[in-house]
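Load the model in a viewer and set the display to cartoon. The stops below can be selected one after another.

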Amino acid sequence: MEFAKQEYEFLSEIGLSPETPGCFVNGKWKAHGPTVSSINPANNQKIATVVEASLEDYEEGTKACSEASKIWMELPAPKRGEVVRQIGDALREKLHHLGRLLSIEMGKILPEGIGEVQEVIDMCDFAVGLSRQLNGSVIPSERPNHMMLETWNPLGVVGVITAFNFPCAVLGWNACIALVCGNCVVWKGAPTTPLITIAITKLVSEVFERNKLPGAIFTSFCGGAEIGQAIAKDPRISLVSFTGSTKVGLMVQQTVHQRFAGQRCTTCRRLLIHESIYQTVLDQLVDVYKQVKIGGPLEKGTLLGPLHTPESRKNFEKGIENIKSQAWKILTGGSVIESEGNFVQPTIVEISPTADIVKEELFAPVLYVMKFQTFEEAVKINNSVPQGLSSSIFTRSPENIFKWLGPHGSDTGIVNVNIPTNGAEIGGAFGGEKATGGGREAGSDSWKQYMRRSTCTINYGNELPLAQGINFG
């Protein structure tokens with residue numbers, strides 16, 4: 001069977017077909033759930049069909065993954081790192097095909113699609129080095145002839161639930177680290193981007209097969225909320241990383257916490273401009289927004305592709321209606337572009353920082369602009385929303401820079417200076433605060449979340465002294 005359009009024929013080179021099962025279960029491709037279509041948001045036409053996971057598929061796959069963890073965690077960490085290095089090479093070989101698929105299926109422009117896949121490759125490289133640095137500690141003991149050690153051991157199985165906006169980068173942040181730490185991975189990709197889930201999994205599974213390791217070490221499911229809920233409730237999964245809206249994230253977090261960890265994008269939603277330069281900056285910004293090229297994500301020069309789904313477009317329209325009903329001023333944009341795709345205009349809204357709508361996630365290219373008088377007022381506005389992922393200040397004042405970074409500054413997980421809120425490097429820990437989570441992924445010491453810590457005290461002497469000098473007489 002051939003793809004509906006010739007432009008999709010390249011997908012066969014990354015293991016995809018017009019009809020495919022969407023679950024990699026116990027080293028085999030199978031699925032017994034509903035059949036769905038992967039849709040190109042630029043024209044709302046079908047790319048391919050995928051059979052999603054059933055709960056029976058989930059149970060079989062997770063059981064096998066749990067069993068495989070006994071083998072994977074016994075492999076020395078540098079050996080695990082070598083396998084992850086090979087995964088990075090496999091992705092590198094298919095970088096442009098994967099990036100093109102991501103752009104077609106998700107809607108982001110091609111340079112960003114390729115860049116996202118590159119981010120997973122970079123995470124593989126990072127994890128390879130980390131595999132030789134999972135160090136514990138030697139701690140001075142207060143007792144004679146005793147030694148205290150701190151060691152790190154795998155958790156077992158880590159669950160990763162990813163969203164449509166970064167359908168493979170977030171997997172990389174989590175899976176690369178989890179694997180070198182000795183954990184197996186259960187991945188549920190976004191239901192609207194099943195093809196990138198399948199394509200990535202095929203390349204990963206081939207690496208495990210070449211190394212004669214169980215395919216169940218990396219188990220993946222295409223599916224919806226039912227599979228996500230199963231992951232959140234499953235006691236076999238020791239850590240869950242969720243990426244999505246804060247509303248759904250809190251639900252996942254509550255479900256996971258009922259058993260014992262998990263919730264986790266960085267587009268600028270609010271722009272605060274000092275009153276002394278407010279109108280100058282705003283006029284320039286509106287002029288730039290009017291020049292943004294909107295078009296297909298694969299077209300050269302496109303800066304704004306389509307929203308991901310027709311539902312996203314409807315949410316944009318509802319948001320604009322809400323803005324208008326409250327009499328806030330739309331300076332540019334604010335309309336859907338009539339086409340077969342999910343295109344909307346980039347929009348700037350002049351608004352009060354206390355308006356309820358600025359505290360909500362619209363997931364659309366709407367920028368709220370507001371003015372401030374003092375640094376302290378700007379920080380207060382910045383910290384006044386439930387979300388807390390990323391923030392940035394643009395200033396030449398060293399005093400304000402360090403106040404911004406300090407205890408009375410920004411309360412987000414990512415606090416930038418003179419760079420945008422988006423585009424985080426992999427070397428730093430990625431994650432937010434408040435309703436945006438509290439967990440961390442990717443770099444720095446995030447790896448510690450993927451392992452369990454053991455404090456070990458060894459008595460190598462002939463007596464049994466107690467801590468704190470306690471003597472029972």
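Two strands count as paired here if DSSP finds at least two bridges between them. With that in mind, select strand E1 and strand E5, residues 45-51: 3 bridges join them, and the two run parallel. Show side chains at Pro21 and at Val51 in E5, which stand opposite each other. Note before going further that this is a predicted model.

**The whole chain**

Zoom out to the full protein chain, whose secondary structure comes to 12 helices and 20 strands. The radius of gyration is 24 Å, close to the 23 Å given by the globule rule for 473 residues, so the chain is as compact as a globular protein of that length. Along the principal axes, the C-alpha atoms fill a box of roughly 80 × 65 × 35 Å. Switch on a surface: the protein chain exposes about 22000 Å², and carbon and sulfur atoms supply 53% of that area. Of the 473 residues, 50% count as buried.

Now colour by pLDDT. The average over the protein chain is 90, and 95% of the residues score at least 70. Which value does pLDDT stay under over residues 259-264? Over that stretch pLDDT stays under 50, although the model has 38 contacts for these residues beyond four places in sequence. Where pLDDT is low, the predicted coordinates should not be read in detail.

**The sheet with E1, E5 and E4**

Return to E1 and E5 and add E4 to the selection. These strands form an open sheet of 3 strands in the order E1-E5-E4, with mixed pairing. Strand E1 (19-21) and strand E4 (35-40) stand at the edges with a single partner strand each, so one side of each has no neighbour in the sheet. On average, neighbouring strands of this sheet are turned by 30 degrees against each other, direction ignored.

Which strands does helix H6 lie across? Select residues 194-210 to display H6: the helix lies across E1, E4 and E5, and runs at about 55 degrees to E5.

**Gly27**

Select Gly27, in the loop between strand E2 (23-25) and strand E3 (28-30). Is Gly27 buried or partly exposed? Its relative accessibility is 35%, so Gly27 counts as partly exposed, since that class lies between the 20% and 50% cut-offs. Leaving out residues up to four places away in sequence, Gly27 touches Gly215 and Ala216. Draw a distance from Gly27 to Ser205 as well: their C-alpha atoms are separated by 7.5 Å, while the two residues are 178 residues apart along the chain.

**The sheet with E6, E7 and E20**

Move on to E6, E7 and E20, an open sheet of 3 strands in the order E6-E7-E20 with antiparallel pairing. E6 and E20 stand at the edges, and each has a single partner strand, so one side of each is left without a neighbour in the sheet. Here neighbouring strands are turned by 25 degrees against each other on average, direction ignored.

Start with strand E6 (residues 137-139) and strand E7 (residues 146-154), which are antiparallel and joined by 3 bridges. Their hairpin has 6 residues between the strands, and Asn145 in it takes a positive phi near 60 degrees.

Then bring in strand E20 (residues 451-459), which pairs with E7 in the antiparallel sense over 9 bridges. Finish by centring on Glu150 in E7, which stands opposite Ser137. In E20, the bridge partner of Glu150 is Thr455.

Terms used. Residues numbered from 1 in each chain as written. Heavy atoms only, no water. Helix = DSSP H or I, 4+ residues; strand = E, 2+ residues; numbered from the N terminus. Axes fitted to C-alpha atoms, helices over the stretch in contact; angles between N-to-C directions. Contact = heavy atoms within 4.5 Å. Rg over C-alpha atoms; globule rule 2.2 N^0.38 Å. Buried < 20%, exposed > 50% of the residue type's maximum accessible area, 1.4 Å probe, protein only. Areas by Shrake-Rupley, 256 points an atom, 1.4 Å probe, with all protein chains shown as cover. pLDDT = per-residue confidence, 0-100.
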